[in-house]
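Trainee: Could you take me slowly through one part of this structure, and show me how that part is connected with what surrounds it? I would like one continuous explanation that I can follow with the model open beside me.

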Amino acid sequence: MYDAITVIPQRDPRYPPLLRHIPDPPRQLYVRGRAELLARADHVAAVGTRKMTRYGEEATHALVGPLAAAGIPIVSGLALGVDAAAHEAALASHGATIAVLAGGIPDEDVTPPANLGLARRILASGGAIISEYPPRTPSWKGQFLARNRIVCGMSRATLIVEAPLRSGALFTARMALEQGRDVFAVPGPITSDASQGTNKLISEGAAPALNAEFILHALGYALPGAGTRSTGAPLTQEECAVLDALSRGLRDPDEIAAQTALPARNVAAALSSLALKGSIRN
């Protein structure tokens, strides 16, 4: 059942709602797995260097695991290192995860081939593998940065775990900031090349990812043991539209209604429902 590929154009209600608002959204997405998972507006991206250290691996699992357990879908690029660790952490927490590829998505196109088994486990767990490229498209260097704009573009926040000063993960962080999204960076040892980029991001204003509770609090989720947690229930079209408006800084219900073209009563209902699901808090 997971070999079937679904093509989702921008007009499709399953197209990631936040991705529509980046400067150059893909005209369509090719999807294997649970396509409905893309329609949510509460994804969090987790990316980093391929040359992950032991510290980076531990930090990835400590941060991503609780986010996935709270019902937040985790987005990453299936690359070696931090990306793969992020997918693994989501799976270990029985959460949902989405892999964005820089080429085709059939088994024979999956890059790197070493992560084909991980890709299959993502599908078997109810996750998804997506790309803007049709089957039989090989991955090449120029497509990875384009892939990264999707990773952060469909996500309300991006977590950078480890990144040298020259790395694709830092470009992803820059794109996320340009898209008006939250960026979290894991502070690391000043003697580690893998932490030079994340430490620089923090010095420039990125939020330090001190623990999972800090990230959940910053995203407006109720903390474990302190009230309602995210239920992980899929969001409706109207809820996605309202959450998207909130992510762009709108707070007044009348302004949200004007921007989303929704009736005021529908906006109020969506806000209440989002709060009950744990996606926002007052």
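Mentor: Arginine 40 counts as buried in this predicted model, because its relative accessible area is 6%, which is under the 20% used as the limit for that word. Arginine 40 belongs to the loop between strand 2 and strand 3, and its side chain makes a polar contact, at 2.7 Å, with the side chain of aspartate 42.

The two strands on either side of that loop lead us inward, since strand 2 (28–33) and strand 3 (44–47) each supply at least two residues of the largest nonpolar core. That core has 32 residues, and the ones with the most contacts inside it are Leu29, Val31, Leu38, Ile98, Ile130, Met154 and Ile160. Other elements that each give at least two residues to this core include strand 5 (97–100), strand 6 (128–131), helix 4 and strand 8 (182–185), but helix 5 gives the most, with five residues. Apart from this core lies another one, of 24 residues, which has Ile72, Ala89, Val186 and Leu219 among its members.

Isoleucine 160 is a good residue from which to look around. If its neighbours within four places in sequence are left aside, isoleucine 160 is in contact with Val47, Ala169, Ala173, Val183, Phe184, Ala185, Val186, Thr198 and Leu201.

Helix 5 is the part to study most closely. Its buried residues are Ala169, Leu170, Thr172, Ala173, Met175 and Ala176, and when you read those numbers it helps to remember the geometry of a helix. An α-helix has 3.6 residues a turn, so residues three or four places apart point the same way. The buried residues of helix 5 pack against strand 3, helix 4, strand 7 (157–160), strand 8 and helix 6 (196–203).

Now follow the chain out of this helix. Just after helix 5, glycine 180 takes a positive phi of about 80 degrees, and glutamine 179 is found in the loop that runs between helix 5 and strand 8. Glutamine 179 has a relative accessible area of 17%, and therefore still counts as buried. The side chain of glutamine 179 reaches the backbone nitrogen of glycine 153 at 3.4 Å. Beyond its neighbours within four places in sequence, glutamine 179 is in contact with Ile22, Arg149, Cys152 and Gly153.

Helix 5 also takes part in the largest pocket, whose volume is about 540 Å³. Of the 21 residues that line this pocket, the closest to its centre are Arg50, Asn148, Ser167, Gly168 and Ala169. Helix 4 (141–153) and helix 5 (168–178) each supply at least two residues of the lining, although the largest share, seven residues, comes from helix 4. Sorted by class, the lining of the largest pocket has seven nonpolar, eight polar and six charged residues. Ala169 is therefore worth selecting in your viewer: Ala169 is buried in helix 5, Ala169 is in contact with isoleucine 160, and Ala169 is among the lining residues closest to the centre of the largest pocket.

Finally, burial can be found in other helices too. Leucine 123, in helix 3 (residues 116–124), is buried with a relative accessible area of 2%, and its C-alpha lies 32 Å from that of arginine 166, 43 residues away in sequence. Glutamate 239, in helix 8 (residues 237–247), is buried as well, with a relative accessible area of 5%.

Notes: Residues are numbered from 1 along each chain as its sequence is written. This is a predicted model: local features need pLDDT of at least 70, side-chain atom pairs count only at pLDDT 80 or more; totals for chains, interfaces and linings use all residues. Side-chain values use heavy atoms; hydrogens and water are left out. On a 1 Å grid over the protein atoms alone, a cavity is a set of points where a 1.4 Å probe fits but cannot get out, and a pocket is an open set with protein on both sides within 12 Å along at least five of seven lines; lining residues have an atom within 4 Å of a point. Grid points are joined across faces, edges and corners, and a volume is the space filled by probe spheres set on the points. Helices (H or I, at least four residues) and strands (E, at least two) are DSSP runs, numbered from the N terminus. Ala, Val, Leu, Ile, Met, Phe, Trp, Tyr, Cys and Pro count as nonpolar, Asp, Glu, Lys and Arg as charged, and the others, Gly among them, as polar. A nonpolar core is a set of buried Ala, Val, Leu, Ile, Met, Phe, Trp, Tyr and Cys residues joined through side-chain atoms within 4.5 Å. Buried means under 20% relative accessible area, exposed over 50%, partly exposed in between (1.4 Å probe, protein chains only). Contact means heavy atoms within 4.5 Å. A polar contact is a pair of N or O atoms within 3.5 Å; within protein, one must be able to donate a hydrogen and the other to accept it, and residues adjacent in sequence count only if both atoms are side-chain atoms.
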